[in-house]
Amino acid sequence: MNIILLGAPFSGKGTLAKKLNSEFNLVQISTGDLFRENIKNGTKVGLLAKQYMDKGELVPDSVTVTMLEERLKKNDCKNGVIFDGFPRTIEQAKMLDKIAKVDAVIELDVPFDIIRRRCLGRRVCSKCGEIYNTSTYSKTTCAKCGSPLFQRDDDNLETVNNRLEVYKKMTAPLINFYTDRLFTVDGNQNPEIVFESVKNFLKKE
Ligand code: AMP
């Protein structure tokens, strides 16, 4: 089973993906994470992607799809994949159609003012990648591994506003592209409730 998680930045795609992974034995592929890994390793793709990511813009489709195709060749994708943050344009969706079957598309619906608040409060563990929010966690070190937390370069108001504009213009049209396989869930609820309703939908599929 291959699933797409669709939603603006900070709509909770990553959190939901982790819960679905263990329930359905799928592997989560986040193009954002793949780009960050490339940046960390100083690859050509990473250098290029950073210029777009820092401004909240989308990395060109061809670069994104080539990177994704490479990732899909790995053995762990055999049982199915959760696409987190991909596709983000109609063009990417058309390209994905050629390389994988998409069984379901989950849209996480969250008002933009809530998203701005989530963005400015997000902190990430520098070692294990665990994610926190200052609204619910006030410490500056990770509860799991004790390493310092940091704020991502692109977690600022200017960039998030830009990302929301890009989402509205480039990614939201995918909702119509996938109407036949779409399940929309209110993402402004407890993550457990979001997970339960998505799980019930997927079990019926
Ligand atoms: P994310 O971690 O999913 O919020 O992505 C962070 C940034 O990576 C985005 O703002 C884009 O610049 C870039 N990015 C991630 N996924 C894609 C994609 N599918 N297409 C183009 N750019 C992407």
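Student: How do the residues of the shell around the ligand divide into nonpolar, polar and charged?

Tutor: They divide into 5 nonpolar, 5 polar and 5 charged residues. Keep in mind that we are looking at a predicted model.

Student: What makes a residue count as part of the group that surrounds the ligand?

Tutor: One of its heavy atoms has to lie within 4 Å of the ligand. In this model, 15 residues surround the ligand, and the closest are Thr31, Arg36, Glu57, Gln92 and Arg163.

Student: Which helix gives the most to that shell?

Tutor: Helix H2, covering residues 31–40, gives the most, with 4 residues.

Student: Why is the pairing of the Arg163 side chain with the ligand called a polar contact?

Tutor: The cut-off for a pair of N or O atoms is 3.5 Å. An N or O atom in the side chain of Arg163 is 2.4 Å from an oxygen atom of the ligand, so the pair is a polar contact. The side chain of Arg36 also has an N or O atom 2.8 Å from a ligand oxygen. With Glu57 it is a backbone N or O atom, 2.6 Å from an oxygen atom of the ligand.

Student: How much of the ligand does the protein cover?

Tutor: On its own the ligand has 470 Å² of accessible area, and the protein covers 95% of that.

Student: Let's turn to Arg152. Why is Arg152 called buried?

Tutor: Buried means under 20% relative accessible area. Arg152 has 14%, so Arg152 is buried.

Student: Where does Arg152 lie, and which residues does Arg152 touch?

Tutor: Arg152 lies in the loop between strand S7 (149–150) and helix H7 (157–171). Leaving aside residues up to four places away in sequence, Arg152 touches Arg36, Arg122, Val124 and Arg163. Arg36 and Arg163 are also listed among the closest residues to the ligand.

Student: What makes the link between the side chains of Arg152 and Asp154 a polar contact?

Tutor: The two side chains are linked at 3.1 Å, and the cut-off is 3.5 Å, so the distance fits.

Student: How do you know that the chain agrees with a compact globule?

Tutor: With 205 residues, a compact globule would have a radius of gyration near 17 Å; this chain has 16 Å, so the value agrees.

Student: How many helices and strands does the chain have, and what share of its residues is buried?

Tutor: There are 9 helices and 8 strands. Buried residues make up 44% of the 205 residues.

Terms used:
Residues are numbered from 1 along each chain as its sequence is written. This is a predicted model: local features need pLDDT of at least 70, side-chain atom pairs count only at pLDDT 80 or more; totals for chains, interfaces and linings use all residues. Side-chain values use heavy atoms; hydrogens and water are left out. A polar contact is a pair of N or O atoms within 3.5 Å; within protein, one must be able to donate a hydrogen and the other to accept it, and residues adjacent in sequence count only if both atoms are side-chain atoms. Accessible areas come from the Shrake-Rupley method with a 1.4 Å probe; for residues, only the protein chains shown count as cover. Helices (H or I, at least four residues) and strands (E, at least two) are DSSP runs, numbered from the N terminus. Ala, Val, Leu, Ile, Met, Phe, Trp, Tyr, Cys and Pro count as nonpolar, Asp, Glu, Lys and Arg as charged, and the others, Gly among them, as polar. The radius of gyration is taken over C-alpha atoms; the globule rule is 2.2 Å times the number of residues to the power 0.38. Buried means under 20% relative accessible area, exposed over 50%, partly exposed in between (1.4 Å probe, protein chains only). Contact means heavy atoms within 4.5 Å.
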